[in-house]
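Hi,

Here is the structure I promised to pass on to you. Have a look at it first, and then read on for what turned up.

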Amino acid sequence: MKSRVLITGGAGFIGSSVYDAFKKSYDVYIVDNFVPFYDIRQKLTNLEINSSILKKDKMQNIFNCDIRDYFTMKKILTEVKPDAIIHCAAMAGVQQSFEHQREYFSVNVDGTFNIFSLSSDLNIKKVLFLSSSSVYGDSNKMPFKETFSLNPISPYGMTKVQDEEMAHFFSKQMNLNIVTLRLFTLYGPRQRPDLMLHKLFLNHLNRRESVVYKKTSRDYTYISDGVQGIKKAFEFLMENDSSDVFNIGSSNPVKTTDAVKEIKKIYPEFKYKETEKKRGDMTKTFANISKAERVLGYKPEMDFKEGLKKFSLWFNNYYKL
Ligand SMILES: NC(=O)c1ccc[n+]([C@@H]2O[C@H](COP(=O)([O-])OP(=O)(O)OC[C@H]3O[C@@H](n4cnc5c(N)ncnc54)[C@H](O)[C@@H]3O)[C@@H](O)[C@H]2O)c1
């Protein structure tokens, strides 16, 4: 019999990509509240569903529910009885987290508490939790290793650190197996429009000049590599009676100034100006992925230039260029 997996945030960029990769091998369910943090149509397209879900509690295997709603979440988990949860739901994005601190804290910390505590109460032993490279903050030591101390510099990063503390508590004291993945800037088809590459493409589409932060670098990770890491970590979670933390990145930081040069090759009319970075933005992200390679057999494959081209093809198609 297929294992039953429930994905929170399953309508989003990463959750829906995981859903597509898992639906053949597993019996998959989704919980998402379709928050209009960005255009909901993108989430509906991700799942190939129409807007009637927004007026319903449930459509097929998709539950329209807020993870902060403890009692409805309890009802759903009792009904579905998943063998494991992949917890992707969150308010994501560094800059917005300064303006919406309370909401970030409420969804990311309270909501994640519900996921861990309900898993413990309902004997769902296995949880895969998506954390972020933002937990490292502006560290001078590179590349970031899982053992480094965590110094978040944004409210978003702070909420993920709180979640990781809870994950540690629930695995040590409440006997859950929780695998935490610190993801490094995923990009590619379905990427959130607030994330840098998608934002720059959109500025170009709307003939707006982009502002890019010089002296910054990002360890861009193509979505199929991220999903590969999630898949391998999920298999590890199901096969082992243990909890652990892994970086999932490319281990190949790209300077923002080089990234925009590549964008200009794809869209020659692309216009930008360089400026200093904003508060909360890390100067550089750089993943040490040796633990994920050794323990999970994770191996990122996509070259940045190639990934950017593939992403632009999705973008052109999605926005009907
Ligand atoms: N995209 C990245 O590069 C990246 C990097 C590091 C970590 N992450 C983490 O990966 C996860 C997924 O990120 P994403 O980029 O796919 O974001 P996303 O916003 O596209 O997906 C998150 C989904 O969660 C849902 N959601 C938000 N609040 C909810 C709530 N209260 N109840 C139920 N559902 C809710 C949203 O509707 C959305 O569909 C997040 O936890 C994020 O912090 C993402």
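Let's start in the middle of things, with β6: seven of its seven residues are buried, so this strand is largely enclosed by the rest of the structure. Both of its faces are covered. On one side you'll find K126, L128, L130 and S132, and on the other V127, F129 and S131, all of them buried. Bear in mind throughout that this is a predicted model.

Who sits beside β6? On one flank there is β7 (residues 177-183), joined to β6 by seven bridges, with the two strands running parallel. To find a spot in that pairing, look for S131, whose bridge partner in β7 is R182. β6 (residues 126-132) also pairs with β5, again in the parallel sense, over four bridges. Two pairs of residues help you line these strands up: I85 stands opposite V127 in β6, and H87 stands opposite F129.

β5 itself is worth a closer look. A84 and I86 point one way from this strand, I85 and H87 point the other way, and all are buried. β5 (residues 84-87) also pairs with β1 (residues 4-8), in the parallel sense and over four bridges. Here V5 has A84 as its bridge partner, while I7 has I86. So that you can picture what holds such neighbours together: strands of a sheet pair through backbone hydrogen bonds, either parallel or antiparallel.

Now zoom out to the sheet these strands belong to. It is an open sheet of eight strands, in the order β3-β4-β2-β1-β5-β6-β7-β12, and the pairing is mixed. Which strands stand at the edges? They are β3 (58-59) and β12 (244-248), each with a single partner strand, so one side of each is left without a neighbour in the sheet.

On to the helices. α1 is mostly covered, with eight of its 10 residues buried. Those are F13, I14, G15, S16, S17, V18, Y19 and F22.

α2 is mostly covered too: six of its eight residues are buried, namely I40, Q42, K43, L44, N46 and L47. What lies over them? The cover includes α1 (13-22), β2 (27-32), β4 (62-64), α7 (196-205) and α11 (304-318). Right after α2 comes E48, which has a positive phi, near 55°.

One residue of α2 (residues 40-47) that I'd pick out is L44. Is L44 buried or exposed? Its relative accessible area is 9%, so it counts as buried, the cut-off being under 20%. Leaving aside neighbours within four places in sequence, L44 is in contact with F34, I49, N50, S51 and I53. Try measuring from L44 to G12 as well: they are 32 residues apart in sequence, and 9.1 Å apart in space from C-alpha to C-alpha.

For a second residue, go to the loop between β12 and β13 (254-255), where you'll find S250. Although it is in a loop, S250 is buried, with a relative accessible area of 17%. Which residues does S250 touch, once neighbours within four places in sequence are set aside? They are D219, Y220, T221, I289 and P300.

Finally, the chain as a whole. It has 11 helices and 14 strands. Its radius of gyration is 19 Å, close to the 20 Å that the globule rule gives for 321 residues, so the chain is as compact as a globular protein of that length. Along its principal axes, the C-alpha trace spans about 55 × 45 × 35 Å. Of the 321 residues, 55% count as buried. Among contacts between residues at least 6 apart in sequence, 78% join residues at least 24 apart.

As for the outside, the accessible surface comes to about 14,800 Å², and 48% of that belongs to carbon and sulfur atoms. The chain has 48 positive and 37 negative side chains, and the centres of the two sets lie 3 Å apart.

If you'd like one place to begin, go back to β6, with both faces covered, and work outwards from there.

Cheers

Terms used. Residues are numbered from 1 along each chain as its sequence is written. This is a predicted model: local features need pLDDT of at least 70, side-chain atom pairs count only at pLDDT 80 or more; totals for chains, interfaces and linings use all residues. Side-chain values use heavy atoms; hydrogens and water are left out. Two strands pair if DSSP finds at least two bridges between them. The radius of gyration is taken over C-alpha atoms; the globule rule is 2.2 Å times the number of residues to the power 0.38. Buried means under 20% relative accessible area, exposed over 50%, partly exposed in between (1.4 Å probe, protein chains only). Contact means heavy atoms within 4.5 Å. Accessible areas come from the Shrake-Rupley method with a 1.4 Å probe; for residues, only the protein chains shown count as cover. Lys and Arg count as positive and Asp and Glu as negative; His and the chain ends are not counted. The place of a charge is taken as NZ of Lys, CZ of Arg, CG of Asp or CD of Glu.
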